[in-house]
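Here's a quick walk through one chain, written for someone who would rather look at contacts than at cartoons. Have a look at the model first, and then we'll go through it piece by piece.

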Amino acid sequence: MAIRGLKAHLARLNKMQSSSLEDRIGRALFAGGEIIQTAAQISITTGAVSGKGHVPSKPGESPSNDSGVLAGNIETTQAGPLKVLVGSYAPYSKSLEFGTSRMAARPFMVPARDKSKKQVRALMAKAINAHIRSARSNEKG
């Protein structure tokens, strides 16, 4: 039994494996990382008062911004073609996120990731669908 359109389908699949797919998804991942970074920074800075009127956060809440060091040291980096890291590089980030034996956690990265999941997934789906559409349009031309 012959399969109709097999040659065209295989050609389309080969086009979809191109390095442009990796580039497109890499850009979408980086944009997703920036969404998470922004969500974490907003959770720290919203409603915070720096200096004399500063009110520390309660356990389980995002840290309250005081000096700006914590929010200012959250970065998104492209660690590889399909690997993006979002991290906080302030010296006390780990203690705030996970707590210590003397202080309850004030998480800000995990909640930002969780809050951003739907938006990041939508970015990924959009990138993949755009790549599929471009493979189809190249086939017609």
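## Confidence first

What is the mean pLDDT of the chain, and what percentage of its residues reach 70 or more? This is a predicted model, and its mean pLDDT comes out at 88, with 87% of the residues at 70 or more.

Confidence varies by element. Strand 1 (residues 74–80) has the highest mean pLDDT of the elements, at 97, while helix 1 (residues 6–16) has the lowest, at 71. As a rule of thumb, predicted coordinates should not be read in detail where pLDDT is low.

## The overall layout

The chain has five helices and two strands, and along the sequence they run α-α-α-β-β-α-α. Of its 141 residues, 26% count as buried.

How much of the contact map is long-range? If you take the contacts with a separation of 6 or more, 58% of them involve residues 24 or more positions apart.

## The nonpolar core

The largest nonpolar core has 13 residues, and the ones touching the most other members are Ala40, Ile44, Leu70, Ile74, Phe108, Met109 and Ala112. Three helices each put in at least two residues: helix 2 (19–45), helix 3 (69–72) and helix 5 (109–140). Helix 2 gives the largest share, with four residues. Nonpolar side chains tend to be buried together in soluble globular proteins.

Ala40 is a handy place to start looking. Leaving aside residues up to four places away in sequence, Ala40 touches Ile74, Phe108, Met109 and Ala112.

## A buried loop residue

Ala90 sits in the loop between strand 2 (83–88) and helix 4. Is Ala90 buried or exposed? Its relative accessible area is 6%, so Ala90 is buried.

Which residues does Ala90 touch, not counting those up to four places away in sequence? They are Val69, Leu70 and Asn73. For Asn73, the C-alpha to C-alpha distance to Ala90 is 5.5 Å, although the two are 17 residues apart in sequence.

## A buried acid without a partner

Glu97 is part of helix 4 (residues 93–98). Glu97 is buried but has no salt bridge, and Arg113, the nearest side chain of opposite charge, is 8.0 Å away.

So what is around Glu97? A polar atom of the Glu97 side chain lies 3.1 Å from the backbone nitrogen of Val110. Outside the residues up to four places away in sequence, Glu97 touches Ala105, Arg106, Pro107, Phe108, Met109, Val110 and Pro111. Phe108 and Met109 also turn up among the core residues that touch the most other members.

## The salt bridges

How many salt bridges does a search of the whole structure find? It finds two. One joins the side chains of Asp114 and Arg113, at 2.8 Å from N to O. Another joins Asp114 and Lys117, at 4.0 Å from N to O. Arg113, Asp114 and Lys117 are thus linked in a network of salt bridges.

Asp114 and Lys117 are three residues apart in helix 5, so about one helical turn separates them. As for exposure, Asp114 counts as partly exposed because its relative accessibility is 39%. Arg113 is also at 39%, so Arg113 counts as partly exposed. Lys117 has a relative accessible area of 37%, so Lys117 is partly exposed too.

Definitions and conventions
Residues are numbered from 1 along each chain as its sequence is written. This is a predicted model: local features need pLDDT of at least 70, side-chain atom pairs count only at pLDDT 80 or more; totals for chains, interfaces and linings use all residues. Side-chain values use heavy atoms; hydrogens and water are left out. A nonpolar core is a set of buried Ala, Val, Leu, Ile, Met, Phe, Trp, Tyr and Cys residues joined through side-chain atoms within 4.5 Å. Buried means under 20% relative accessible area, exposed over 50%, partly exposed in between (1.4 Å probe, protein chains only). Contact means heavy atoms within 4.5 Å. pLDDT is the predictor's confidence in each residue, from 0 to 100. Lys and Arg count as positive and Asp and Glu as negative; His and the chain ends are not counted. A polar contact is a pair of N or O atoms within 3.5 Å; within protein, one must be able to donate a hydrogen and the other to accept it, and residues adjacent in sequence count only if both atoms are side-chain atoms.
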